[in-house]
Amino acid sequence: MKTYKYLFLLIGLSMIGCSDLEEEPVGLLSPTTYFTSIDKLQVAVNGAYGYMHNRYFLTRETGMTLMLRSDMIEISDPNTRQERIDHDEFTDLDDNGQTRVSWPIMYQIISAANQAIAGAETINADEAEVNAVVAQAYFARALAYYHLVRQFGDIPYLSEPVTNVEEGNNIEKTAAADVYTNIIADFTFAKTWLPTTQATRSIPSAGAASSYLASVYLTIGNYPMAYAEAKDVINKKNTYGYDLEPDFQNLFNSALARDSKEPIFTLDYIGDTSLGNYSTDYLVPFTGIRADDQFGSGQEGWAVLVPPLKAFTTWDENDYRRAVSFNTTGVFDGVEEPYTKFNSFDARNKNQPYCAKYTRFRGESGGNGRASSHAYSLMRYAEVLLIAAEAANEVTPGSQEAHDWVNEVRERARDGATGSTPSASPADVSGLSGAAFTDMVLEERRLELAFELKRWYDIARRKLGTQVFSASGLEGAKSFSEDNYLIAIPEVEQERNPNL
């Protein structure tokens, strides 16, 4: 699934969603005549994954929202769009332009998945073969809803293609608890029918579905099930082909990440911008330093997103993950300069280290900096270990295996780059239980998964907002209330459907 030039045959069939309801087009293809073979079903399924690579999803609008609402990213360029500033400051309203485009792309993923799921019913082939393919659609649908429900709460839940515009425009919202029940059912179907391994980690496997089940259970506070699912993945790591990558940097090196055992499910880019919104990777320029040429392309960054300085200065300097996660120098006019001088080379820069996970080893850098060859890990084995640890502590406070799983992650952080001398920190943890262990493992997630679109969801599920956005937080005091844990459904959707 590395090349997406051939994924859009069925775009006319899969564009119908909450924000793109149209009269059924008249043409040579229709859902009732198209689905005649497993190969055609696979093309339809691929359409859902093609939408995941749209800029409005995780590598621009949706991803920016998740970053800015966390305490690990703030605005760099003071003149950037107000819609971005509003998410950073929790002043976003239902007319926010960034939200307006991120909402429909997730429903387009769902629409494409629903079309494939419905089409599978008409294929006369071996049930196991059909299910192995359609399970990819169930996985895609679950993933999109998992993002939607965590951001918006109660939402419209569509389980089949929308063919009636009037009915589609009057659908009721489904309670978040019921959405989670459906997500669990979809990931469970995927786990049952997907193979244990795939040709590439950009195609979901049974292990990916199981890993996401663990994440979902953790989010809803079903700790016994989160523990069971995560531990099952750990116990089957050899079957699935999972393990920690020895060198943390390799996970963010576009030339090496695909050979690692750690990624579980990825978005795979190939350094091509010819498909426009469907192949551009904006995380690279948005997190880069303005006027910096340290990586040789001359288009390193747009200085929109930057970690707060405190995120860097409070991070143990012996922790190898800090060096991997931050760019502390830049090259301007051929001279290497420290971050304390970044602003003097462009007023849109802040004198702070910038995020390095996306810019340092991105591979292709064309398209005015929008291209990369990254295989982004949306789920990786280290996160499964931390899910298991957090859940185990809730089930059996202070359990040894909970400590062991955290220490496995910390050991790599101490080991540093391949061939280097291990440091003394971060030290192994021991003797913690209950809330103390929870606080520790959430901090470990913040560091291990820094800038990987996870932190906001952790803040929201653990209700940490008033704590992390206080004067003692990484960004200093921000006005934050309970309402800010959810994003308002876009105004245009409410106007289209009064039930929203």
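In the next few minutes I will go through one helix, one loop residue and several aromatic contacts in this structure, which is a predicted model.

Let me begin with helix α6, which runs over residues 97–120. From its first C-alpha to its last, this helix of 24 residues reaches 36 Å, which is close to the 34 Å expected at 1.5 Å a residue. Helix α6 is mostly covered, in that 21 of its 24 residues are buried. At its start, a side-chain oxygen of Asn-96 comes to within 3.0 Å of the backbone nitrogen of Gln-98.

A second asparagine deserves some attention, namely Asn-54, which lies in the loop between α3 (38–52) and α4 (61–68). Is Asn-54 buried or exposed? Its relative accessibility is 3%, and because buried means under 20%, Asn-54 counts as buried. The side chain of Asn-54 reaches the backbone nitrogen of Tyr-56 at 2.9 Å, and, once neighbours within four places in sequence are left aside, Asn-54 is in contact with Thr-59, Ile-105, Asn-277 and Tyr-278. Arg-55 has an aromatic partner, since its charged end sits over the ring of Tyr-282, 5.5 Å from the ring centre.

That brings me to the aromatic residues, where the count comes to 36 aromatic pairs. In one of them, the rings of Tyr-227 and Trp-405 have their centres 6.3 Å apart and their planes at 50°, so this pair is tilted. The two residues belong to distant parts of the chain, with Tyr-227 in helix α11 (residues 223–235) and Trp-405 in helix α18 (residues 400–415), 178 residues apart. Tyr-227 is buried, with a relative accessible area of 19%, and Trp-405 is buried as well, with a relative accessible area of 8%.

Phe-342 and Tyr-354 form another tilted aromatic pair, at 6.0 Å centre to centre and with 50° between the planes. Here Phe-342 lies in helix α16 (residues 342–345) and Tyr-354 in strand β9 (residues 354–355), 12 residues apart, and both Phe-342 and Tyr-354 are buried.

Finally, which residues make up the aromatic cluster that includes Tyr-146? Together with Tyr-146, the cluster is formed by Tyr-49, Phe-139, Phe-187, Tyr-212 and Phe-265. Tyr-146 also has a charged residue over its face, for Arg-150 lies there at 3.4 Å from the ring centre.

Terms used
Residues are numbered from 1 along each chain as its sequence is written. This is a predicted model: local features need pLDDT of at least 70, side-chain atom pairs count only at pLDDT 80 or more; totals for chains, interfaces and linings use all residues. Side-chain values use heavy atoms; hydrogens and water are left out. Helices (H or I, at least four residues) and strands (E, at least two) are DSSP runs, numbered from the N terminus. The expected span of a helix is 1.5 Å times one less than its number of residues. Buried means under 20% relative accessible area, exposed over 50%, partly exposed in between (1.4 Å probe, protein chains only). A polar contact is a pair of N or O atoms within 3.5 Å; within protein, one must be able to donate a hydrogen and the other to accept it, and residues adjacent in sequence count only if both atoms are side-chain atoms. Contact means heavy atoms within 4.5 Å. Rings of Phe, Tyr and Trp (its six-membered ring) pair if their centres lie within 6.5 Å; planes under 30 degrees apart count as stacked, over 60 as edge-to-face and the rest as tilted. A charge sits over a ring if NZ of Lys or CZ of Arg is within 6 Å of the ring centre and within 35 degrees of the ring normal.
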